[in-house]
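Here is a friendly walk through how this model packs its nonpolar cores, two of its helices and a pair of serines. Please keep the structure open as you read.

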Amino acid sequence: MNELFSQIEPWHWMTFGFVLLILEMLAPATLFLWMGVSAIVVSVIAWLFPALSWHVLFVLFGSLSIATFFGWREIAKRKGYDKEDVPNTLNQRSKSLIGRRGVLNEAVKNGIGRIQLDDTFWRIEGDDMPKGTKVQVIEVDGATLKVKAVE
């Protein structure tokens, strides 16, 4: 076993690093990313210092992997990349319209009307209002926007 690991060359570490980066593309979780980067760094260190034993390189790889993973998590928290208070409106176009304002294209009668926002006509619900009233989207129920009059 000792002979097997003692034959590991810097290009082995480089290949291992690129394999991990490819795995990251297939299963994105940013875990393989930092391990791949660490393996590439270890390959450079192994190339610069060929006398280092495989024990040291494995410990270095493990330490770098842990340090880069938790280091990135800390940076992400400080920069706000992991904020959960930002609403996820991906594939929920109607929810991204909450807070938008527009002018009624049709009068709201019996609580039902229509409004055009951007290039789409939306069914709306709200108090009865005449055509031309300025409204704001306050809620979404499926494909129906609930609106209120604004000034």
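Of the 13 residues that make up the largest nonpolar core, L117, I124 and L145 touch the most other members. A nonpolar core here is a set of buried Ala, Val, Leu, Ile, Met, Phe, Trp, Tyr and Cys residues joined through side-chain atoms within 4.5 Å. Buried means under 20% relative accessible area, exposed over 50%, and partly exposed in between, with a 1.4 Å probe and protein chains only. At least two residues of this core come from each of β2 (112-117), β3 (120-125), β4 (134-141) and β5 (144-149), and β4 gives the largest share, 3 residues. Strands (E, at least two residues) and helices (H or I, at least four) are DSSP runs, numbered from the N terminus. Another core, of 7 residues, lies apart from it, with W13, A46, L57 and F61 among them.

This is a predicted model: local features need pLDDT of at least 70 and side-chain atom pairs count only at pLDDT 80 or more, while totals for chains, interfaces and linings use all residues. Residues are numbered from 1 along each chain as its sequence is written, and side-chain values use heavy atoms, leaving out hydrogens and water.

Now to the helices. The axes of α2 (residues 10-26) and α3 (residues 31-48) come within 7 Å and cross at roughly 165°; axes are lines fitted to C-alpha atoms, for helices over the stretch in contact, and angles run from 0 to 180 degrees between N-to-C directions. That makes α2 roughly antiparallel to α3, a label for angles over 145 degrees. Residues of α2 including W13, F16 and L20 meet residues of α3 including M35, V42 and W47, where contact means heavy atoms within 4.5 Å. By class, this contact has 18 nonpolar, 3 polar and 1 charged residues; Ala, Val, Leu, Ile, Met, Phe, Trp, Tyr, Cys and Pro count as nonpolar, Asp, Glu, Lys and Arg as charged, and the others, Gly among them, as polar.

Finally, here are two serines, with contacts that leave out residues up to four places away in sequence.

| Residue | Location | Relative accessible area | Touches |
|---|---|---|---|
| S65 | helix α4 (residues 54-79) | 10%, buried | W34, M35 and S38 |
| S94 | loop between α4 and β1 (101-103) | 13%, buried | W122, V140, G142 and L145 |

Which residue has its C-alpha atom 6.7 Å from that of S94? The partner is V140, 46 residues apart from S94 along the chain. L145 touches S94 too, along with others including L117, I124 and V140.

Terms used: Parallel < 35°, antiparallel > 145°, perpendicular 65-115°, else oblique.
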